[in-house]
Amino acid sequence: MEHYPIVLALSRAALQTPNTAVENHLRRLIKALEKDGQAEQADGLNKLVRNTGKSVAIQPSRVVLSLAAMGGEMLTPSVKPPVDKETSAPLAEIVFPSETLDAHPIFEENLSASIDSLLEEWKNIDKLKGSGINPALALMLFGAPGTGKTFLAHHIARELNYPLVVAKLDGLISSFLGTTARNISNLFAFANRYKCILLLDEFDAVAKLRDDPNELGELKRVVNTLLQCLDTRNNIGFTISITNHEALLDPAIWRRFDIRIEIPKPIHQTREQILLRNLPKNLKLKKSQINFLTWITDGYSGSDIAKLSNFIKRKIAIQGSKFDFFETVRSYIILSAKDQENNRRQAVIGRPEELAIELNRDPEHSMSQEALAELFGKAQSTISRWLKSEKKHKE
Ligand SMILES: Nc1ncnc2c1ncn2[C@@H]1O[C@H](COP(=O)(O)OP(=O)(O)OP(=O)(O)O)[C@@H](O)[C@H]1O
Ligand SMILES: [Mg+2]
């Protein structure tokens with residue numbers, strides 16, 4: 001279909017508030033596209049309709065009169081980022097797409113689909129602008145620590161083949177009066193000059209200052225400068241901001257971001273995928289062992305899962321054929337005290353009989369006696385005895 005990106009953007013705008021009539025028309029369009037063999041486009045629209053009303057707040061493109069296409073000079077490794085005038089500390093670090101790992105964070109299906117749809121819009125920015133539609137260029141990522149927000153920002157930049165200008169907030173915030181606001185202006189002026197994505201990671205450090213009673217005056221000015229800079233940038237280039245503390249953000253700043261995506265902790269299917277990606281391919285875990293790992297990692301972030309996987313890798317490297325899966329997981333749980341306090345943790349540290357019953361009655365995993373026998377390396381009759389004696393013990 002000609003002008004597909006525009007249709008996609010319009011559809012997203014129309015579905016911002018769920019609307020059955022629009023959804024029905026879109027379903028007709030999807031069917032027509034499928035009939036014409038335009039499977040990819042049909043799939044894109046289908047994802048959009050499926051995600052209507054979901055918590056991921058991908059907002060519509062803003063239609064404005066501007067016809068200026070995405071401009072800016074090319075950033076090359078010889079271009080130096082701006083520096084703080086007093087300390088000479090760089091205000092940003094530039095990361096080129098070739099320096100980013102060719103990997104993407106793993107998210108659950110609906111979130112991935114929404115991110116793909118945003119990427120499609122951003123990849124077609126010139127087409128949209130050429131048609132008089134100015135797309136939403138500012139994205140806010142928020143959510144718990146270690147869930148893959150920074151990873152996602154780097155992935156987006158790589159997909160778009162844009163360099164990332166990563167603001168260094170420690171260099172940006174100065175103890176000299178007036179300097180922080182000037183640094184922010186200089187940073188934005190630099191980003192606006194080049195074709196790039198401006199990444200403001202741990203964004204709350206600057207944005208929250210306005211309400212801090214100890215830091216009035218000067219800091220109010222900093223936030224106001226930031227607001228002005230964001231307003232100008234919104235018509236010029238991509239900005240991605242990241243925070244773990246969205247509640248601390250100034251509402252005025254929050255409103256500057258048309259697209260806001262909450263990155264949650266992974267659900268169990270996602271945890272399984274992250275584990276399988278991080279664990280050595282030649283480990284050949286049994287189904288019951290993978291199931292056990294996804295169970296014990298409930299409440300873990302992607303980063304916590306990567307840490308557990310690294311621990312397992314280290315043990316394999318040291319112990320070789322003597323590697324004991326169950327003992328390794330148990331010692332990790334003991335060594336990572338306070339990281340993830342849940343009763344699953346206690347069950348792993350405690351008696352195997354108790355752990356078996358927990359795994360057996362868990363509604364999501366519900367491990368059969370056969371699976372438990374495989375996991376514990378025991379006969380099924382032993383597991384059956386454990387379960388019966390535990391049930392009695394509990395009565
Ligand atoms: N969703 C995910 N899929 C795959 N790996 C992940 C995911 N989330 C986190 N990880 C792993 O954890 C590491 C750290 O993630 P990242 O730095 O992106 O988290 P973050 O959300 O930015 O955390 P913070 O809020 O603490 O800055 C990644 O490099 C990756 O190895
Ligand atoms: Mg981060």
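Let's start at ligand 1: 15 residues surround it, and those that come nearest are Ile 106, Gly 146, Lys 149, Thr 150 and Asn 244. Keep in mind as you look around that this is a predicted model.

Where in the protein does this shell come from? Two domains are worth finding: domain 2 (92-263) and domain 3 (268-394) each give at least three residues to the shell around ligand 1. Among the helices, H6 (149-160) and H14 (302-319) each supply at least two shell residues. Of these contributions, H6 makes the biggest, with three residues. As for chemical character, the shell holds six nonpolar residues, seven polar ones and two charged ones.

Now zoom in on the oxygen atoms of the ligand. One oxygen atom of ligand 1 lies 2.6 Å from a side-chain N or O atom of Asn 244, and an oxygen atom of the ligand is 2.7 Å from a side-chain N or O atom of Lys 149. At Ser 303 the backbone takes part instead: a polar backbone atom there is 3.5 Å from an oxygen atom of ligand 1. How much of the ligand does the protein bury? On its own, ligand 1 exposes 640 Å², and the protein buries 76% of that area.

Finally, step back to see the site as a whole: the space that ligand 1 takes up is the largest pocket.

Key
Residues numbered from 1 in each chain as written. Chains lettered and ligands numbered in written order. Predicted model: local features only at pLDDT ≥ 70, side-chain atom pairs only at ≥ 80, totals over all residues. Heavy atoms only, no water. Near = heavy atom within 4 Å. Polar contact = N/O pair within 3.5 Å; in protein donor to acceptor, adjacent residues only side chain to side chain. Areas by Shrake-Rupley, 256 points an atom, 1.4 Å probe, with all protein chains shown as cover. 1 Å grid on protein atoms, 1.4 Å probe; cavity = no way out; pocket = protein on both sides within 12 Å on 5 of 7 lines; lining within 4 Å. Sits in = over half its atoms within 2 Å of the grid points. Helix = DSSP H or I, 4+ residues; strand = E, 2+ residues; numbered from the N terminus. Nonpolar A, V, L, I, M, F, W, Y, C, P; charged D, E, K, R; others polar. Domains from an automatic or database assignment.
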